[in-house]
Every structure is written in structure tokens, then in C-alpha cells.
Amino acid sequence: MRVIITAGGTGGHIYPALAIVDKIKEMEPKSEFIYIGTHNRMEKDIVPKRGIKYIPIEIYGLSTSPKLMGRNVKNIFLIASAIKKCESIIKEFKPDVVIGVGGYVTYPVIRAAKKCHVPSFIHEQNSIVGKANKSLLKMVDCVGVSFKDSIKQVKHSNVVLTGNPVSEGALKKKKISKTSYGLSTNKKSVLIFNGSLGSKAINEKLLDYLNNASKYNYEILYVTGKTYYEEFKKNKFPKNVFIEPYIDNLSGLMKDIDLIVCRAGASSIAEITALGVPSVLIPSPYVANNHQYYNALSIIESNSGEMIEEDKLNKKSLEEKIDSIINNSSRQKEIKNNLSKLNIDDSATIIYNEIKKIIK
């Protein structure tokens with residue numbers, strides 16, 4: 001299979017795209033790929049390291065800020081230029097399919113695929129459909145969604161509940177023992193993380209909680225994010241608190257953890273669901289359409305975990321939510337059972353099969 005794939009801006013788009021690439025490679029080892037991404041976002045560094053041909057295009061997201069109106073005008077011309085560049089790439093590479101996995105960079109790529117009459121598929125990771133994907137619905141042959149509630153938002157004749165493809169990868173990851181990070185085997189464990197860069201707001205709100213950890217009957221592995229680690233490690237926390245800047249294989253470590261506290265990004269929720277790990281979700285209020293809140297709501301409404309909104313996050317609220325799970329074995333079993341009902345453990349395979357259907 002010859003594939004052009006595009007996704008950009010955040011790991012929440014990039015890693016599902018790479019999971020789809022991995023599945024296609026597994027099913028058809030001789031497949032060839034081109035990844036089209038932005039010239040200045042994280043995909044430009046991540047993708048080439050995976051041995052995938054990468055072509056950057058200059059394009060920016062449209063903003064409502066008056067300060068960026070000039071860039072918006074420039075972007076109109078950049079989009080037109082990007083569409084022409086993508087048409088040239090498509091005509092030269094002759095892909096069997098073009099796949100979009102979120103982010104504004106997908107727009108000119110899918111638009112060019114439509115103009116070149118190449119079948120296309122887009123995937124939505126979040127419960128609220130993003131602006132780029134909304135604008136592309138009339139141009140594509142199939143739409144995959146991660147959440148059941150997203151189906152009613154997608155006005156398309158061929159929309160499929162696929163789940164998030166990172167879930168299948170999480171199940172395959174090798175288990176990492178929590179003892180690798182200093183934790184013991186005879187105590188319950190809580191893993192708290194906020195993404196690769198971390199969150200200043202979360203770090204500040206949880207200092208009081210961490211400083212009082214000696215009274216808890218569990219251990220805490222706190223991932224600060226690379227940006228805040230040096231400053232954060234200056235604190236003298238109790239002996240049951242362990243600090244790390246970043247953990248590369250989080251899903252492998254999750255397999256040896258009793259409870260997770262994290263943001264409600266689509267990939268995190270997909271991994272939590274796939275691995276059946278109880279969680280306390282703290283959705284970021286700073287994302288488009290408040291989509292993390294709605295991602296978390298899918299967990300809460302299915303009684304599969306707990307949520308604390310950021311403005312209500314403090315030592316007391318976190319203690320209460322964690323205690324309600326980690327010291328209650330029946331609640332843990334209930335959550336794991338409910339997560340198993342939500343889980344789609346062959347998401348990447350479903351996506352591969354849908355892509356094969358649209359290739360003429």
C-alpha cells in the first residue's frame with residue numbers, strides 16, 4: 001500500500017497517526033509512506049526518527065486574536081500554496097489512500113487528495129470533533145471516531161466507531177516494573193503525570209498534596225515534565241514521593257500502577273481504558289472546545305473513574321478522590337469492569353480494515 005498520512009501539532013494527533021502507520025506496516029510490510037506535517041511543530045522531529053519520509057509545509061492555525069489577524073491573512077495564501085504543493089506530492093507519489101489524523105495541517109493535504117480523486121480517511125481522537133476535521137467531512141470517504149458520542153456530531157454517511165489506535169499499541173508494550181523508579185512492591189502506587197512538558201498550574205496546585213504525602217498509605221510517582229523538573233526537585237518531599245522529569249514508556253509502566261492522575265487527553269484516556277487502570281482525570285481548560293472535559297465525561301458517565309476540574313483541584317479534593325479508589329477494593333473492581341466495557345482493543349486493526357474498504 002502507498003500511503004500519505006498527515007497529522008500535527010500535538011502528540012495527541014501524531015502518535016495515533018504513527019500507530020496507524022505501524023499497523024499498515026504489520027499487515028503489509030512492503031508499504032511506502034510519506035508523512036506531511038508542519039515545518040515548526042513537534043512532528044518534524046518525531047516522525048523522521050521513525051524512518052518515515054517527512055515533507056514539511058508552512059501553515060498556521062487560524063486565530064481569533066486581533067494580534068494575529070495579519071498572520072491569518074498570510075495564512076490564507078499559505079493554505080492555497082500548501083494545497084498546490086500537496087497536489088504535486090500526490091501526483092508524483094501516487095498514493096492508494098490519504099489519511100488525516102487531526103491538526104490544521106491536515107486541511108490542505110485532504111483537500112488536495114479530493115482534488116486529485118484519491119480516497120481519503122480521517123480520524124478524530126477527541127469526543128468533540130475538531131475544526132479541521134469538521135471542515136473536511138464533505139471531502140473524505142470515511143470518518144473514524146474514538147468515542148461513541150462523537151458519531152452524532154459527524155454528518156457523514158460512512159462514520160465508524162474505531163476507538164483510538166494508540167490503545168492497541170499500549171496493550172503490546174512491555175510491562176515496566178515500578179521498582180525501576182524506586183517504588184516498592186508491597187505498597188499501592190499512584191502515578192501522576194501532565195504530558196511531556198508538564199503543567200505549571202498542576203505542579204503548583206499539587207505541592208501541598210505532595211508535601212503531606214507521609215500520611216498516605218501509598219507511594220506516589222510524580223512526573224513533573226521536563227520544563228519544571230530542575231526547579232521541582234529542589235523540594236524535600238516525604239520518602240514515599242518519587243520525582244521524574246519524563247517517562248518514555250508510560251503505558252508500559254501503567255501496567256504496574258494502581259491509580260493514575262492525569263489530564264484527559266484522548267491518548268491518555270485510550271491507554272487507561274485499554275489497560276483497565278483506575279484514574280482521576282484533571283481535564284485541561286485551555287484546549288479547543290474544552291474537549292478534554294468531554295473526553296473525561298465519557299469516563300465519568302460510564303462510572304469508570306473520577307474527575308476533578310482544574311479550578312477545584314487542591315490537596316483535599318485530590319486526597320478524597322484518590323482515597324475513594326485506592327483504599328476501596330470493590331470500587332477498583334467496578335472501575336476495571338466498566339473500563340473493559342468501553343475498551344476497543346483492536347482499534348488500529350479496525351482502521352486498517354476501513355481503509356482497505358475505501359481503496360478502489
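**Close-up 1. Helix H7 in the predicted model.**
Helix H7 covers residues 200-211. That makes twelve residues. From its first C-alpha to its last, H7 reaches 17 Å. This is close to the 16 Å expected at 1.5 Å a residue. The structure shown is a predicted model.

**Close-up 2. The buried side of H7.**
Which residues of H7 are buried? They are Ile 202, Asn 203, Leu 206, Tyr 209 and Leu 210. These residues lie on the same side of H7, because they cover an arc of only 115° around the axis. What covers them includes three strands and two helices, listed here by residue range:
- strand S8, residues 188-193
- strand S9, residues 218-223
- helix H8, residues 229-232
- strand S10, residues 241-244
- helix H12, residues 315-326

**Close-up 3. Leu 206, a buried residue of H7.**
Leu 206 lies in helix H7. Its relative accessible area is 0%, so Leu 206 is buried. Which residues does Leu 206 contact, leaving aside its neighbours within four places in sequence? The contacts are Ile 192, Tyr 222, Leu 313 and Leu 318. Take Leu 313, one of these contacts. Leu 206 and Leu 313 are 107 residues apart along the chain. Their C-alpha atoms are separated by 8.2 Å.

**Close-up 4. Ile 269 in helix H10.**
Helix H10 runs through residues 266-275, and Ile 269 is found there. Is Ile 269 buried or exposed? Ile 269 is buried, because its relative accessible area is 4% and buried means under 20%. Residues up to four places away in sequence are not counted in its list of contacts. With those set aside, Ile 269 touches Phe 147, Ala 264, Leu 281, Asn 295, Ala 296 and Ile 299. Now look towards Glu 320. The C-alpha atoms of Ile 269 and Glu 320 are separated by 21 Å. Along the chain, these two residues are 51 residues apart.

**Close-up 5. Ser 284 in the loop between S12 and H11.**
Strand S12 spans residues 279-281, and helix H11 spans residues 291-301. Ser 284 is found in the loop between them. Ser 284 counts as buried, because its relative accessibility is 8%. Its contacts, leaving aside neighbours within four places in sequence, are Arg 263, Asn 290 and Gln 292.

**Close-up 6. Asn 289 and Asn 290, two residues with positive phi.**
Asn 289 is found in the loop between S12 and H11. Asn 290 has its place in that loop too. What is the phi of Asn 289? It is positive, at about 60°, although Asn 289 is not a glycine. Asn 290 has a positive phi of about 50°, and it is not a glycine either. Asn 289 has a relative accessible area of 43%, so it is partly exposed. For Asn 290 the value is 32%, so this residue is also partly exposed. Asn 290 is one of the contacts of Ser 284.

**Close-up 7. A nonpolar patch on the surface.**
Which residues form this nonpolar patch? They are Val 73, Ile 76 and Phe 77. Together they have about 330 Å² of accessible area. Val 73 sits in helix H3, residues 69-93. Val 73 counts as partly exposed, because its relative accessibility is 46%. That value falls between the 20% limit for buried and the 50% limit for exposed.

Note on methods. Residues numbered from 1 in each chain as written. Predicted model: local features only at pLDDT ≥ 70, side-chain atom pairs only at ≥ 80, totals over all residues. Heavy atoms only, no water. Helix = DSSP H or I, 4+ residues; strand = E, 2+ residues; numbered from the N terminus. Expected span 1.5 Å × (residues − 1). Buried < 20%, exposed > 50% of the residue type's maximum accessible area, 1.4 Å probe, protein only. Arc of directions from axis to C-beta. Contact = heavy atoms within 4.5 Å. Patch = residues over 30% accessible without salt bridge, like charges linked within 9 Å, V, L, I, M, F, W, Y side chains within 5 Å. Areas by Shrake-Rupley, 256 points an atom, 1.4 Å probe, with all protein chains shown as cover. Salt bridge = Lys/Arg side-chain N within 4 Å of Asp/Glu carboxyl O.
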